[in-house]
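I set out to record, entry by entry, what I looked up in this structure. The entries follow the order in which I took up each topic.

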Amino acid sequence: MNNTILKTARSKPTPRVRSAARRRETLSGYIFIGPMFLGLLILTIIPTLLTFILSFSDWSFISGVDKLKFTGFKNFSRLFDDDVFLTSLKNNLWLLLVVPIQLIISLVLAVIIDRLVYWKGLFKIIFFMPYISSIVAVSICFQLLFQPSYGPINQFLRSLGVSSPPTWLADIRYALPSVMIIMVWVGIGFCLIVYMAALQSIPKDLYESADIDGAGAWTRFSRITLPLVSPTTFFLLVTGFISSFKAFDIIKVLTEGKPAYSTSVVTYYLYTTAFENLKTGYASSMALILFGFVLLITLFQLYGQKKWVNY
Amino acid sequence: MDKQKRGVRTAATIAMLIIGAAFITPFLWMISASFKPEIDVFNYPIEWIPKHWNLYGNYREVWFGEHPFGTYYWNTIKVSALTTVVSVLVSSMAAYGFAHVDFKGRNVMFLVVLMTFMVPSYSIIVPQFLLFRWLHLFDSHLGLIVIGSFSALGTFMLRQFFLGIHRDYLEAAKLDGAGHARIFLQITLPLVKPALATYGILRFIWTWNDYANPLIFLRSDRLSTIQLGIQKFASESGVYYSLIMAGTVSAILPLIVIFVIGQKQVIEGIAMGGVKG
C-alpha cells in the first residue's frame, strides 16, 4: 500500500515527499493500534472516568439518568461507617497473608524440584493443576471436602482422634482461614513456575565455587539462591497482593461472604451492592477505593523495586 | 560420591511424589466421587477406587438431564475460541504498531495502554455493565467476546517478541517495497508464532475459566457458559454430590487436556512474564 511512497522517500528525500511518507507512517501506526486503543478507550478508560464520576453520586441505574444526584463525598463518609464494608476491607487485608505463605512454600518446592528430583516436568504439571482448573469447580469441590459432619477432611481428623474438629466454612472463626488455605493451594503452581524459571537463570558456577569453599546447603540457599531470586520474590509479592484484592470468584461460589460477613471481601460487597441492592453510586465509591488500593500497591512496586531488590 | 548423590535424588523424588499426590488429592477425590453412586460418596475410609460404580449413570444425568450441559459446553467453546482469535489478532496488531511503526504520539499512546493495565477489572464493572446495556451488548455472547478481547496484557507480551525481531529483516523488506501490512503478515507474524501460541492458549484458558464476566454480563440460561452452568447446577442439585462432582470434572477436563498438550507454551508463557489473568 505505502511501499511506493517509502521507496520514493528513500530515493528522493525532498522535504515534501518525506512529510508525505511520515503521514503514511503515522496513518499505518493508527491503523495497527486503532482496534486495541478503541477497545481500551470504550471498555476501560471511559468506564474508569465514569466510576470516578458515579462515586460522588447517589443513584440507582434502574431509575434513569435524570434521577442522578451528586452528593459530594457523602458516599465515602458513609463507607467508613459501614460495618460490612469495613469488615470486608479487613478481610482483604487478612488475605494479603496468603501471598508470603505461598511464596515460602513454592520457593522451597522450586529449589527441591530444580536440584534434587527426577521428572521435573511431571512435578511442574502436578503443582500447576489447581491453577489451571476453574476456581468454580475447585470451590464446589472444597465445599464438600470441608463439609462439617461427613466431609472427608473432618472424617479424617476424627479418625486421628480429634473429637470435635472445626466446622470450617460454617464457623465464623475458621471460615476465612479455610478460604486462605484454598487460595494458597490454588496459587502455589503459578509462583512455583516463575521461581523455577528464576532458578534456572542463576549461573551454575556460583554454586560450584560455593562448594569448593565448603559452603553447606543452607549457606548456599541463603547467600546465593535467596538474594538472586529476590527480584522474582518482589514481583510475585506485588502481583500476589494485587490479585488478592481482586479475589471474587472464590468468595462468591464458596461462601457468599458467609457466615456473618466473616469472608466478605470488597469485590464481593461491591458486587452485591451494585447488582443485588442496585445502589450504583455507592458501589462506585467502593470501586474507587479498590482502585486506590491497587494503585497504592503499584506505586509501592515502583518505589520498592530500587530499594529492596538485591541483584 | 556419585552413588550417594543418586540415593539422595531417589529419596527426594519419592518424597516429592508423596507430597505431590497429597497436593492433588482434591482432584482425585472429585474424580472418584463422580464415579460413585450417591450413597457411597462420603464413605470412610475413603474408597479411592469405588466399590460400586455409577459412572455411566452420573455422567448421563449431568449431560442429558435437566441441565443443558451440552449447550453450556458449546457456548464456552464458542466464546473462548472467538475471544482467543480476536484477542490474538488485535493484540498482535497493536504490538507490531508499538514495536515497529514510527508514528506521532506513539509513546503517549503506549503510556495510556500501560495505565489501563493498572485498573482492576472490578473497579469498572459497574460502568461497563451500564455501557453494555446501552450498547445492546448485555446478555449476548458478542458482549462477552468483546470484554475478553481487549486487554493490554497481550499487547505487552507480544510487543516484547516483536521488538526481538532484528531490524535488518524489516529494513530489507522495506527496501524490497513491502508495506507495513505485508511486513506484519508475511515476515513478523511467522517469526512470533510461538509467542502467539503461548498467548492464545493462556487467553483460551482464562476465558474458559472466567466466571465473573458471564455472571455479570449474561442473564439467559441458554447463553450460560460452563462455569456459570456448574455453579447453578451445584446450587440447584443440592445433595446430589456425585452428580455435582461429575459436573465439575466435566468442566475441568477439557482444560487439563489442553494444558497437557500445550504445557510447554503455558509454562513458558507464565514463566516469561509471570503473567496473570
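Which residues is A:Ile250 in contact with, leaving aside its neighbours within four places in sequence? I worked from a predicted model, and I keep that in mind throughout these entries. I found A:Ile135, A:Ser139, A:Val179, A:Ile182 and A:Met183 in contact with A:Ile250 once those sequence neighbours were set aside.

Entry on the core. I next looked up the largest nonpolar core and noted that it holds 155 residues. A:Ile250 is among the members that touch the most others, together with A:Leu192, A:Tyr195, A:Leu270, A:Met286 and A:Leu290. I then asked which helix gives the most to this core. It is helix α9 of chain A, residues 175-200, with 16 residues.

Entry on helix α12 of chain A. I noted that this helix runs over residues 230-245 and has 16 residues. From its first C-alpha to its last it reaches 23 Å, which I recorded as close to the 22 Å expected at 1.5 Å a residue. I listed the buried positions of α12(A) as A:Thr232, A:Thr233, A:Leu236, A:Leu237, A:Gly240, A:Phe241, A:Ser244 and A:Phe245. For the spacing I recalled that an α-helix has 3.6 residues a turn, so residues three or four places apart point the same way.

Entry on the domains of chain A. I found chain A divided into domain 1, residues 3-54, and domain 2, residues 77-308. Taken over C-alpha atoms, the centres of domain 1 and domain 2 of chain A are separated by 41 Å.

Entry on the domains of chain B. The assignment for chain B gives domain 1 as 2-63 and domain 2 as 66-273. I noted 32 Å between the C-alpha centres of these two domains of chain B. Their contact takes 14 residues from domain 1 of chain B and 12 residues from domain 2 of chain B. On the domain 1 side, the elements that give two or more residues are α2 (25-34) and α3 (55-64) of chain B. I recorded α3(B) as giving the most to that side, with five residues. By character, I found the domain 1 side to divide into eight nonpolar, three polar and three charged residues.

Entry on the contact between the chains. How many residues does each chain bring to the contact? I found 75 residues from chain B and 78 residues from chain A. Helix α14 of chain B, residues 241-261, provides the largest share of the chain B side, eight residues. I entered that side as 51 nonpolar, 18 polar and six charged residues.

Technical notes. Residues are numbered from 1 along each chain as its sequence is written. Chains are lettered from A and ligands numbered from 1 in the order in which they are written. This is a predicted model: local features need pLDDT of at least 70, side-chain atom pairs count only at pLDDT 80 or more; totals for chains, interfaces and linings use all residues. Domain bounds come from an automatic or database domain assignment. A nonpolar core is a set of buried Ala, Val, Leu, Ile, Met, Phe, Trp, Tyr and Cys residues joined through C-beta atoms within 7 Å. A residue is buried if 20 or more other C-beta atoms lie within 10 Å of its own, exposed if 12 or fewer, and partly exposed in between; C-beta atoms are placed from the backbone. Helices (H or I, at least four residues) and strands (E, at least two) are DSSP runs, numbered from the N terminus. Two residues are in contact if their C-beta atoms, placed from the backbone, lie within 7 Å. Ala, Val, Leu, Ile, Met, Phe, Trp, Tyr, Cys and Pro count as nonpolar, Asp, Glu, Lys and Arg as charged, and the others, Gly among them, as polar. The expected span of a helix is 1.5 Å times one less than its number of residues.
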